Amino acid sequence: MAEPGGKPSVLFVCVHNAGRSQMAAAWLTHLAGDRIEVRSAGSAPGAHVNPAAVEAMAEAGIDISAETPKILTADTVRESDVCVTMGCGDTCPVFPGKRYLDWQLDDPAGQGVEAVRLVRDEIRTLVEGLIAELAPDARA
């Protein structure tokens with residue numbers, strides 16, 4: 001995991017880095033503060049963050065409107081302790097010593113905000129569990 005005395009780092013990956021991974025990164029940043037380093041990326045990044053994801057997160061008091069989808073690189077994976085994939089299959093490079101989690105979540109692409117709220121809430125629950133493992137003293 002993290003270097004002794006260092007903080008753990010988590011990378012969230014989905015195909016477009018426009019919905020699930022953006023919401024997960026925002027939740028982790030919001031709930032864990034600076035205790036965990038947070039990254040997100042996509043195997044085929046979209047042009048912008050899903051507007052329904054932006055709206056759903058705004059309802060929870062988190063603004064992700066300024067975020068932009070980022071491309072997944074081997075370096076991004078290498079620099080992360082935990083890589084959480086969300087529907088991107090085998091596109092994430094695998095490195096020895098890294099922890100990989102695959103969260104089975106509905107893709108919010110093309111969904112209305114009602115459907116995205118359910119995904120948002122499911123992601124929050126999963127992120128809270130991850131915080132409890134990685135930084136149990138972080139406020140969740």
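The following exercises, with worked solutions, concern a predicted model of a protein chain.

**Exercise 1. Overall architecture**

Task: Determine how many helices and strands the chain has and in what order the elements run.

Solution. Step 1: the secondary structure amounts to four helices and four strands. Step 2: read from the N terminus, the order of the elements is β-α-β-α-α-β-β-α. Step 3: several elements can be placed by residue number. Strand β1 covers residues 9-14, helix α1 covers 20-32, and helix α2 covers 51-59. Helix α3 spans 74-78 and strand β3 spans 82-85, while β4 spans 99-102 and α4 spans 113-134.

**Exercise 2. Dimensions and burial**

Task: Establish what radius of gyration the chain has and how it relates to the value for a compact globule.

Solution. Step 1: for 140 residues, a compact globule would have a radius of gyration near 14 Å. Step 2: the chain has 14 Å, which agrees with that expectation. Step 3: the extents of the C-alpha trace along its principal axes are about 45 × 30 × 25 Å. Step 4: of the 140 residues, 45% count as buried. Step 5: when contacts between residues at least 6 apart in sequence are considered, 71% of them join residues at least 24 apart.

**Exercise 3. Surface and charge**

Task: Describe the accessible surface of the chain and the arrangement of its charged side chains.

Solution. Step 1: the accessible surface is about 6,800 Å². Step 2: carbon and sulfur atoms account for 51% of that surface. Step 3: there are 12 positive and 20 negative side chains. Step 4: the centres of these two sets lie 4 Å apart.

**Exercise 4. The aromatic pair**

Task: Identify which rings form an aromatic pair, classify their geometry, and state which parts of the chain the pair ties together.

Solution. Step 1: rings pair if their centres lie within 6.5 Å, and by this rule the count is one aromatic pair. Step 2: the centres of the rings of Phe 12 and Trp 103 are 5.8 Å apart, and their planes stand at 50 degrees, so the pair is tilted. The classification follows because planes under 30 degrees apart would count as stacked and those over 60 as edge-to-face. Step 3: Phe 12 belongs to strand β1, whereas Trp 103 sits in the loop between β4 and α4, so the pair ties together parts that are 91 residues apart in sequence. Step 4: both partners can be tested against the burial limit of under 20% relative accessible area. Phe 12, at 0%, counts as buried, and Trp 103, at 9%, also counts as buried.

**Exercise 5. Surroundings of strand β1 and helix α1**

Task: Locate Val 10, Ser 21 and Ala 24, and find what they touch beyond their sequence neighbours within four places.

Solution. Step 1: Val 10 lies in strand β1 and is buried, with a relative accessible area of 0%. Step 2: Val 10 touches residues including Leu 28, Val 38, Val 82, Val 84, Leu 130 and Leu 134. Step 3: Ser 21 is part of helix α1 and is buried at 0% relative accessible area. Its contacts are Phe 12, Val 13, Cys 14, Ser 40, Ala 41 and Met 86. Step 4: Ala 24 is also found in helix α1 and counts as buried at 0%. Ala 24 contacts Phe 12, Met 86, Ile 123 and Val 127. Step 5: Phe 12, the residue of the aromatic pair, therefore appears among the contacts of Ser 21 and of Ala 24.

**Exercise 6. Loop residues and helix α2**

Task: Decide whether Asn 17, Asp 81 and Val 54 are buried or exposed, and place each in the chain.

Solution. Step 1: Asn 17 lies in the loop between β1 and α1. Its phi is near 50 degrees, a positive value in a residue other than glycine. With a relative accessible area of 0%, Asn 17 is buried. Step 2: Asp 81 is in the loop between α3 and β3, and it is buried at 12%. Step 3: Val 54 lies in helix α2 and, at 19%, counts as buried, the limit being under 20%. Step 4: apart from neighbours within four places in sequence, Val 54 is in contact with Val 49, Ile 64 and Ser 65. Val 54 and Ala 18, 36 residues apart in sequence, are 9.4 Å apart in space from C-alpha to C-alpha.

Notes: Residues are numbered from 1 along each chain as its sequence is written. This is a predicted model: local features need pLDDT of at least 70, side-chain atom pairs count only at pLDDT 80 or more; totals for chains, interfaces and linings use all residues. Side-chain values use heavy atoms; hydrogens and water are left out. Rings of Phe, Tyr and Trp (its six-membered ring) pair if their centres lie within 6.5 Å; planes under 30 degrees apart count as stacked, over 60 as edge-to-face and the rest as tilted. Helices (H or I, at least four residues) and strands (E, at least two) are DSSP runs, numbered from the N terminus. Buried means under 20% relative accessible area, exposed over 50%, partly exposed in between (1.4 Å probe, protein chains only). The radius of gyration is taken over C-alpha atoms; the globule rule is 2.2 Å times the number of residues to the power 0.38. Contact means heavy atoms within 4.5 Å. Accessible areas come from the Shrake-Rupley method with a 1.4 Å probe; for residues, only the protein chains shown count as cover. Lys and Arg count as positive and Asp and Glu as negative; His and the chain ends are not counted. The place of a charge is taken as NZ of Lys, CZ of Arg, CG of Asp or CD of Glu.
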